[in-house]
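Biologist: Could you walk me through this protein? I'd like the overall picture and then any odd spots in the backbone.

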Amino acid sequence: MEVEAGREVVRLVVGREPGALAVSDDGRVGYVCERGVGSVAVLDLTGLLEGRPERVRVVSRTGVGAHGQPRGLVERDGHLLVACRLLDVLPVVDVASGRVVDSVGLPVPGSGPASVLAVGNGFALVTLERAGVVAVVDLLEYSVTRPIAVGGGPRGLTVDPADRTVYVDLARQRSLAVVHLDGVDLSNEDGIPQFEDIAVGAGPSGVTVVRADLLLPESG
């Protein structure tokens, strides 16, 4: 999609029920969760950088469990950490080989991983929808360092890079959890992060952070 012109420039066929996606820092590689077939597709995006969108293509596909339902992923150093709704582990995919090379065990069986987000310093956060928990994952050791209880039905999450505040939508509570991680050591369970709830509408399932000045009309 060409955003400024508001038009579609290329359509790419991927697996059934494509969902969450991510793009590498250099914009050359994309990743798409294919929920309906239990796989993650890797896309070559270099054509977009060259002004040749027709060259965008799927270069590989890795299965993470036929019935796993991958719902979110993050990339770090050529590896993908994948959150799959029906798996009790987080598969780790090596992009170069296209294989699952490791996995992260979850603290609560049947917890329903919903989304995953890198928060810097080698850590990621994973929402566990059925457990009401956000799990902290060490991306170097591929292990859960601590669970953070946030409330009923956490799904989407985002972080404000300015102060490391994390926002998590709570579908069952019709609210947004605001978790303050500034000064919190994510490598262990010492200390309790402060957080509060903000009431929102029914069934929230996604959240993002936007600069307020971009939403305000320009003054005359």
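**Overall picture and odd spots**

Modeller: Of the protein's 220 residues, 42% count as buried. Keep in mind that this is a predicted model.

Biologist: How many helices and strands are there in the protein?

Modeller: Strands make up most of that list. The protein has one helix, and its strands number 16.

Biologist: What is the radius of gyration of the protein, and what does the globule rule give?

Modeller: For 220 residues the globule rule gives 17 Å. The protein comes close to that, so it is as compact as a globular protein of that length. Its radius of gyration is 18 Å.Biologist: Is glutamate 17 buried, partly exposed or exposed?

Modeller: Glutamate 17 lies in the segment before strand E1 (18–23). Buried would need under 20% relative accessible area, and exposed over 50%. Glutamate 17 has 45% relative accessibility, so it counts as partly exposed.

Biologist: What is the phi of glutamate 17?

Modeller: Most residues other than glycine have a negative phi. Glutamate 17 is not a glycine, yet its phi is positive, at about 55 degrees.

Biologist: And where is tyrosine 142?

Modeller: Tyrosine 142 is not a glycine either, and it has a positive phi of about 50 degrees. Its place is in the loop between strand E11 (133–138) and strand E12 (143–149).

Biologist: How far apart are the mean positions of the positive and negative charges of the protein?

Modeller: The protein has 20 positive and 29 negative charges. Taking the mean position of each set, the separation is 9 Å.

Definitions and conventions:
Residues numbered from 1 in each chain as written. Predicted model: local features only at pLDDT ≥ 70, side-chain atom pairs only at ≥ 80, totals over all residues. Heavy atoms only, no water. Helix = DSSP H or I, 4+ residues; strand = E, 2+ residues; numbered from the N terminus. Buried < 20%, exposed > 50% of the residue type's maximum accessible area, 1.4 Å probe, protein only. Rg over C-alpha atoms; globule rule 2.2 N^0.38 Å. Lys, Arg positive; Asp, Glu negative; His and termini not counted. Charge placed at Lys NZ, Arg CZ, Asp CG, Glu CD.
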